[in-house]
Every structure is written in structure tokens, then in C-alpha cells.
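Dear colleague,

Please find the structure below. I should be grateful if you would look through it alongside the notes that follow.

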Amino acid sequence: MQSTRPSCRLVVIIRRDLRLSSDKLVTHACHAGLGTLEDVTPLELEDWQRNASETVVLSTDGETELVRLEALANSSGISCCLVRDTQG
């Protein structure tokens, strides 16, 4: 019997305006992904793993849009993790 629930995907959104080095960008993306996965239910994690750990990386132009997307995710009950650079 096939599930009627939509499959889970990990979506990472990066800010293009920060002009981070590649290694720092990947580090932040990994932190965001891991932070999000820490907050999902066991069923959501199992579903994500069953769907080949599907991950989508998108970008946005700045902090305002990223914060808006975070608020939208939170209000929709979608797990999320906003990573901020503490070292400047």
C-alpha cells in the first residue's frame, strides 16, 4: 500500500548576497541541513531516507527573504534551521 503523504525533502536555501567562500558556504549549508534533521520526527526522517535522502538547494537574494521563508516554514509546521555566521 502506497502512502498518501507527500515525500519529505530537505531544502537548503543559501543567500547569494553574502559572497561566502565555497568552503564556508558548504559548511553553513551542512549546518542548516543537520540542524533541520535534528528537529524532524522519526517518521519524517525515515521517509526522507527512503526517498534517497532527496535534498534541494535553492538561493535567495538576501536576509529579508530568508527570514520571510523561515517564518513561513515555522507557521506551516515545517522543520527549519536558520544558520548565522558568528565569525563575521
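The lining of the largest pocket comprises 25 nonpolar, seven polar and eight charged residues. This is a predicted model, and the pocket holds about 1,100 Å³ of space. Among its 40 lining residues, those closest to the centre are Val 11, Val 12, Thr 36, Ser 79 and Cys 80. Strand β1 and helices α1 (22-37), α2 and α3 each contribute at least two residues to this lining.

As to confidence, the chain has a mean pLDDT of 87, with 91% of its residues at 70 or more. Of its elements, helix α3 (residues 63-75) has the highest mean, 93, and helix α2 (residues 42-50) the lowest, 90.

The largest nonpolar core consists of five residues: Cys 8, Leu 10, Val 12, Ile 14 and Trp 48. Strand β1 (residues 10-15) is the main contributor to this core, giving three residues. Val 12 thus belongs to the core and is also among the residues closest to the pocket centre.

Ile 14, another core member, has contacts beyond four places in sequence with Leu 25, Leu 58, Ser 59 and Thr 60. The last of these, Thr 60, lies in strand β2 (residues 55-60). Is Thr 60 buried or exposed? Thr 60 has a relative accessible area of 6%, which is under the 20% cut-off, and is therefore buried. Apart from neighbours within four places in sequence, Thr 60 touches Ile 13, Ile 14, Arg 15, Arg 16, Glu 65 and Leu 66.

With kind regards

Conventions:
Residues numbered from 1 in each chain as written. Predicted model: local features only at pLDDT ≥ 70, side-chain atom pairs only at ≥ 80, totals over all residues. Heavy atoms only, no water. Core = buried A, V, L, I, M, F, W, Y, C linked by side-chain atoms within 4.5 Å. Buried < 20%, exposed > 50% of the residue type's maximum accessible area, 1.4 Å probe, protein only. Helix = DSSP H or I, 4+ residues; strand = E, 2+ residues; numbered from the N terminus. Contact = heavy atoms within 4.5 Å. pLDDT = per-residue confidence, 0-100. 1 Å grid on protein atoms, 1.4 Å probe; cavity = no way out; pocket = protein on both sides within 12 Å on 5 of 7 lines; lining within 4 Å. Points joined across faces, edges and corners; volume = space filled by probe spheres on them. Nonpolar A, V, L, I, M, F, W, Y, C, P; charged D, E, K, R; others polar.
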